[in-house]
Amino acid sequence: MMRSATIAAVTALLVLTLPAPRAAASPELDRILSGLAGKSARMECKPKAQILGRVGARAWPTRRLVEMDTPWCRSLLRLAARPSAPPTWADATAVFVLAHEAAHIFGIADEAQANCRGIQTYERAWLLLGLRPAYARAM
(Lines give C-alpha, C1' and ligand atoms only; values in the text may rest on other atoms or scores of the structure.)
Protein backbone atom coordinates (compact mmCIF):
# COMPACT_ATOMS: atom_id res chain seq x y z
CA MET A 1 0.00 0.00 0.00
CA MET A 2 2.79 2.43 0.97
CA ARG A 3 4.73 1.57 -2.17
CA SER A 4 1.79 2.33 -4.51
CA ALA A 5 1.19 5.63 -2.71
CA THR A 6 4.86 6.54 -3.18
CA ILE A 7 4.73 5.65 -6.88
CA ALA A 8 1.57 7.73 -7.30
CA ALA A 9 3.17 10.71 -5.54
CA VAL A 10 6.34 10.52 -7.64
CA THR A 11 4.28 10.19 -10.84
CA ALA A 12 2.16 13.21 -9.90
CA LEU A 13 5.30 15.22 -9.16
CA LEU A 14 6.81 14.32 -12.54
CA VAL A 15 3.63 15.25 -14.41
CA LEU A 16 3.46 18.61 -12.65
CA THR A 17 7.10 19.48 -13.31
CA LEU A 18 7.45 18.30 -16.90
CA PRO A 19 7.29 21.13 -19.45
CA ALA A 20 4.27 21.34 -21.72
CA PRO A 21 4.85 19.92 -25.20
CA ARG A 22 6.53 22.52 -27.42
CA ALA A 23 4.43 23.94 -30.19
CA ALA A 24 5.44 23.03 -33.71
CA ALA A 25 6.93 25.88 -35.71
CA SER A 26 7.02 26.23 -39.48
CA PRO A 27 9.19 28.71 -41.37
CA GLU A 28 6.80 28.38 -44.32
CA LEU A 29 3.79 29.43 -42.25
CA ASP A 30 5.86 32.22 -40.66
CA ARG A 31 6.64 33.53 -44.17
CA ILE A 32 2.98 33.46 -45.24
CA LEU A 33 1.74 35.04 -41.99
CA SER A 34 4.39 37.77 -42.23
CA GLY A 35 3.43 38.48 -45.84
CA LEU A 36 -0.20 38.96 -44.85
CA ALA A 37 0.54 40.96 -41.70
CA GLY A 38 3.03 43.26 -43.39
CA LYS A 39 5.60 42.63 -40.65
CA SER A 40 7.70 39.80 -39.34
CA ALA A 41 5.53 37.33 -37.41
CA ARG A 42 5.56 33.70 -36.43
CA MET A 43 3.03 30.89 -36.24
CA GLU A 44 2.93 28.13 -33.66
CA CYS A 45 0.84 25.05 -34.30
CA LYS A 46 -0.54 23.41 -31.19
CA PRO A 47 -3.62 21.51 -30.01
CA LYS A 48 -6.65 23.71 -29.32
CA ALA A 49 -6.50 22.67 -25.64
CA GLN A 50 -3.15 24.50 -25.32
CA ILE A 51 -4.43 27.77 -26.80
CA LEU A 52 -5.79 30.31 -24.30
CA GLY A 53 -9.56 30.14 -24.37
CA ARG A 54 -9.41 26.81 -26.21
CA VAL A 55 -10.16 28.57 -29.47
CA GLY A 56 -8.93 27.46 -32.89
CA ALA A 57 -6.50 30.35 -33.21
CA ARG A 58 -5.31 33.36 -31.23
CA ALA A 59 -3.13 36.30 -32.18
CA TRP A 60 -0.70 37.95 -29.79
CA PRO A 61 0.06 41.23 -31.64
CA THR A 62 2.69 42.54 -29.22
CA ARG A 63 4.59 39.27 -29.56
CA ARG A 64 3.86 39.04 -33.32
CA LEU A 65 2.67 35.50 -32.71
CA VAL A 66 -0.30 33.47 -33.89
CA GLU A 67 -1.17 30.19 -32.21
CA MET A 68 -3.24 27.94 -34.47
CA ASP A 69 -4.94 24.60 -33.94
CA THR A 70 -2.93 21.73 -35.39
CA PRO A 71 -5.50 20.54 -38.00
CA TRP A 72 -5.68 24.03 -39.54
CA CYS A 73 -1.88 24.18 -39.63
CA ARG A 74 -1.82 20.80 -41.37
CA SER A 75 -4.24 22.12 -43.99
CA LEU A 76 -2.07 25.19 -44.61
CA LEU A 77 1.13 23.16 -44.83
CA ARG A 78 -0.48 20.68 -47.23
CA LEU A 79 -1.71 23.52 -49.43
CA ALA A 80 1.73 25.17 -49.41
CA ALA A 81 3.41 21.87 -50.32
CA ARG A 82 0.89 20.97 -53.04
CA PRO A 83 -0.85 24.15 -54.25
CA SER A 84 -2.42 22.28 -57.17
CA ALA A 85 -4.28 19.90 -54.83
CA PRO A 86 -8.02 20.58 -54.69
CA PRO A 87 -8.77 22.46 -51.47
CA THR A 88 -11.40 21.27 -49.04
CA TRP A 89 -13.86 23.34 -47.01
CA ALA A 90 -11.53 22.86 -44.02
CA ASP A 91 -8.65 24.25 -46.11
CA ALA A 92 -10.69 27.32 -47.07
CA THR A 93 -11.56 27.86 -43.42
CA ALA A 94 -7.91 27.55 -42.37
CA VAL A 95 -6.87 30.11 -45.00
CA PHE A 96 -9.51 32.58 -43.79
CA VAL A 97 -8.48 32.08 -40.14
CA LEU A 98 -4.87 32.74 -41.16
CA ALA A 99 -5.90 35.97 -42.94
CA HIS A 100 -8.06 37.03 -39.97
CA GLU A 101 -5.29 36.44 -37.40
CA ALA A 102 -2.78 38.22 -39.65
CA ALA A 103 -5.09 41.25 -39.48
CA HIS A 104 -4.66 41.25 -35.69
CA ILE A 105 -0.88 41.08 -36.08
CA PHE A 106 -1.17 43.98 -38.56
CA GLY A 107 -2.67 45.99 -35.71
CA ILE A 108 -6.44 45.58 -35.96
CA ALA A 109 -7.93 44.74 -32.56
CA ASP A 110 -11.64 44.84 -33.46
CA GLU A 111 -13.01 41.41 -34.49
CA ALA A 112 -15.37 42.77 -37.17
CA GLN A 113 -12.59 44.83 -38.74
CA ALA A 114 -10.23 41.83 -38.58
CA ASN A 115 -12.89 39.80 -40.40
CA CYS A 116 -13.16 42.53 -43.02
CA ARG A 117 -9.40 42.65 -43.56
CA GLY A 118 -9.34 38.85 -43.60
CA ILE A 119 -11.80 38.89 -46.48
CA GLN A 120 -9.80 41.61 -48.25
CA THR A 121 -6.54 39.62 -47.95
CA TYR A 122 -8.06 36.17 -48.56
CA GLU A 123 -6.94 36.05 -52.20
CA ARG A 124 -3.43 37.17 -51.22
CA ALA A 125 -3.30 34.37 -48.63
CA TRP A 126 -4.01 31.83 -51.37
CA LEU A 127 -1.33 33.41 -53.57
CA LEU A 128 1.22 33.23 -50.74
CA LEU A 129 0.34 29.55 -50.38
CA GLY A 130 1.33 29.12 -54.02
CA LEU A 131 -1.97 28.95 -55.88
CA ARG A 132 -2.12 30.28 -59.41
CA PRO A 133 -3.60 33.83 -59.57
CA ALA A 134 -6.74 32.83 -61.50
CA TYR A 135 -7.45 30.03 -59.05
CA ALA A 136 -6.77 32.26 -56.03
CA ARG A 137 -9.23 34.86 -57.39
CA ALA A 138 -11.87 32.14 -57.76
CA MET A 139 -11.46 31.14 -54.13
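**Sheet, helix H5 and a buried Asp**

Strand S2 (residues 42–46) pairs with S4 in the parallel sense, over 5 bridges. This is a predicted model.

Reader: OK, start there. Which residue in S4 is the bridge partner of Met-43?
Author: Val-66.

Reader: And the sheet they sit in. What's the strand order?
Author: S1-S2-S4-S3. The sheet is open, has 4 strands, and its pairing is mixed.

Reader: Which strands stand at the edges?
Author: Strand S1 (24–25) and strand S3 (57–60). Each has a single partner strand, so one side of each has no neighbour in the sheet.

Reader: What holds paired strands together, in general?
Author: Backbone hydrogen bonds, in either a parallel or an antiparallel arrangement.

Reader: Back to S4. Where does Asp-69 lie?
Author: In strand S4, which covers residues 65–69.

Reader: Is Asp-69 buried or exposed?
Author: Buried, and without a salt bridge.

Reader: What's the nearest side chain of opposite charge, then?
Author: Lys-48, at 4.5 Å from Asp-69. A salt bridge needs the nitrogen within 4 Å of a carboxyl oxygen, so that pair doesn't count.

Reader: Which residues is Asp-69 in contact with? Skip the neighbours within four places in sequence.
Author: Lys-46, Pro-47, Lys-48, Ile-51 and Gly-56.

Reader: New topic: helix H5. Which of its residues are buried?
Author: H5 spans residues 111–120, and its buried residues are Ala-114, Arg-117 and Gly-118.

Reader: Where do those buried residues fall, seen down the axis of H5?
Author: Within an arc of 105 degrees, so they line one face of the helix.

Reader: And which residues are exposed on the other side of H5?
Author: Ala-112, Gln-113, Ile-119 and Gln-120.

Reader: What covers the buried residues?
Author: The cover over the buried residues of H5 includes three helices: H2 (27–37), H4 (89–106) and H6 (122–128).

Reader: Which side chain reaches in at the start of H5?
Author: That of Asp-110. One of its side-chain oxygens comes to within 3.1 Å of the backbone nitrogen of Ala-112. Ala-112 is also among the exposed residues of H5.

Reader: Zoom out. How many helices and strands in the chain?
Author: 7 helices and 4 strands. Along the sequence, the pattern reads α-β-α-β-β-β-α-α-α-α-α.

Reader: How much of the chain counts as buried?
Author: 39% of its 139 residues.

Reader: Last one. What share of the contacts with a separation of 6 or more comes from residues 24 or more positions apart?
Author: 44%.

Conventions
Residues numbered from 1 in each chain as written. Predicted model: local features only at pLDDT ≥ 70, side-chain atom pairs only at ≥ 80, totals over all residues. Heavy atoms only, no water. Buried < 20%, exposed > 50% of the residue type's maximum accessible area, 1.4 Å probe, protein only. Helix = DSSP H or I, 4+ residues; strand = E, 2+ residues; numbered from the N terminus. Arc of directions from axis to C-beta. Contact = heavy atoms within 4.5 Å. Polar contact = N/O pair within 3.5 Å; in protein donor to acceptor, adjacent residues only side chain to side chain. Lys, Arg positive; Asp, Glu negative; His and termini not counted. Pairing = 2+ DSSP bridges.
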